[in-house]
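Me: Pick one part of this model, the buried interior, and take me through it closely. Keep it relaxed, but tell me what the terms mean as you go.

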Amino acid sequence: MAGTFDRIGIVVHPTRDLGGAIGTLREWADRQGAQVVQLSTNLDAPELAPRGEAADCDLIVALGGDGTTLAALHLAAPAGKPVLGVACGSLGALAAVTAEELPSALDCMERGDWVARAVPGLVADHGDDDLGAINDLVLVRGGAGQVTIEIEIDGERLIRYAGDGLVASTPLGSTAYTLAAGGPMLVPGTSGLVLTPLAPHGGVCPPVVTAPGTRVVVTIRPGHDGARVEVDGQVRFEAPRGDPHAFSLRYEPEFAVLVGLGGGESMIAGLRRRRLLVDSPRVQARDDREDAARDTVTKS
């Protein structure tokens, strides 16, 4: 996929130091004869380049962290543009490279030595609105009062419960809010959605994994303090106490495009590095004893 890049869009983190990465990107763009423009997001970021639109760009570069890359993917998805995630700080799950690795990454892009990784998504139809999520859609209570959730699978009621709400996630999002809420983690290559109840009050309400093509309808009835709908951590709207709201969920296997470079870290390795997956203390203590025993033998 070698080729020239006439216009490069950037999405930037609002507070991180991006000076080195921006300088590297500008130098590379100048050699390409490319224009650098900045895309508008809901991030309160400094203006580092003239404003532009994602649809007019050949490549979008997210400078920051996973949140910045998510914002870039949302902008790029409708136009089908690839996003290169650059970690300016700690390396997360979505960034392909760190800021220090950006020069070699851009050279790979110029040579065409990269792959377009399809990023699955979740689309929720709600009346005239389509809400698209890359990580998760969260239906949650707006205050102290509980909400009531009903889940239908292929036209059949699965469960009704009262509680804090529901997290519906993609395989990628299963390592985020879903994992924190006690839901299952889907390994790479798994398709479908994960539905994880939040603090259900009684009943039997296990997390559910659905297959692609499954018809899922989730209905929330706000409680006394209403409810809110969050998409990838951003509040999309708030529902007052009153009528229920139904969401028809579908799995989209190619929602967005993320740049992949050779030799990248696996998802499981990244989770262990970030200590989202941690061995049990008993196992770690055993390893420490075995290491200490080997050290004693070596010194003797």
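Reply: Buried means under 20% relative accessible area, exposed over 50%, and partly exposed in between (1.4 Å probe, protein chains only). By that count, 43% of the chain's 300 residues are buried. This is a predicted model, where local features need pLDDT of at least 70 and side-chain atom pairs 80 or more, while totals for chains, interfaces and linings use all residues. Numbering starts from 1 along each chain as its sequence is written, and side-chain values use heavy atoms, with hydrogens and water left out.

For the setting, the C-alpha trace spans about 70 × 60 × 35 Å along its principal axes. The chain has six helices and 18 strands (DSSP runs numbered from the N terminus: H or I of at least four residues, E of at least two). If you take contacts (heavy atoms within 4.5 Å) with a separation of 6 or more, 67% of them join residues 24 or more positions apart.

Now go inside, to the largest nonpolar core (buried Ala, Val, Leu, Ile, Met, Phe, Trp, Tyr and Cys joined through side-chain atoms within 4.5 Å). It holds 29 residues, and the members touching the most others are I8, V61, L63, L84, V86 and L261. Two or more residues come from each of β1 (7–12), α1 (19–32), β4 (59–64), β5 (82–87) and α3 (102–111).

L84 is a good place to stand and look around. Leaving aside residues up to four places away in sequence, L84 touches L59, I60, V61 and A62, then A96, L102 and L106, and finally V259 and L261. There is another core apart from this one, with 26 residues, including L139, V216, V231 and F247.

Two of the helices that feed the largest core, α1 and α3, also pack on each other. Their axes (lines fitted to C-alpha atoms, for helices over the stretch in contact) are 10 Å apart, at an angle of about 25° on a scale of 0 to 180 degrees between N-to-C directions. So α1 counts as roughly parallel to α3 (under 35 degrees). On the α1 side, the contact is made by A21, T24, L25, W28, R31 and Q32; from α3 come L102, P103, L106, D107, M109 and E110. Notice that L102 and L106 turn up again here, having already appeared among the residues that L84 touches.

Helix α2 (66–76) has a buried side too: T68, T69, L70, A71, A72, L73 and A76. Their cover includes β1, β4 and β5, along with β18 (245–260).

For a buried residue elsewhere, try L193 in strand β13. Its relative accessible area is 2%, so L193 counts as buried. Again skipping residues up to four places away, L193 touches L122 and S169, V208, V209 and T210, plus L249, R250 and Y251. The C-alpha of L193 is 41 Å from that of Q32, which is 161 residues away along the chain.

For contrast, step out to D154, in the loop between β10 (147–153) and β11 (156–163). D154 has a relative accessible area of 43%, so this one is partly exposed. Its phi is near 50°, a positive value in a residue other than glycine. A199 likewise has a positive phi, near 45°, and sits in the loop between β13 (193–198) and β14 (208–210).

Note on methods. Angles under 35 degrees count as roughly parallel, over 145 as roughly antiparallel, 65 to 115 as roughly perpendicular and the rest as oblique.
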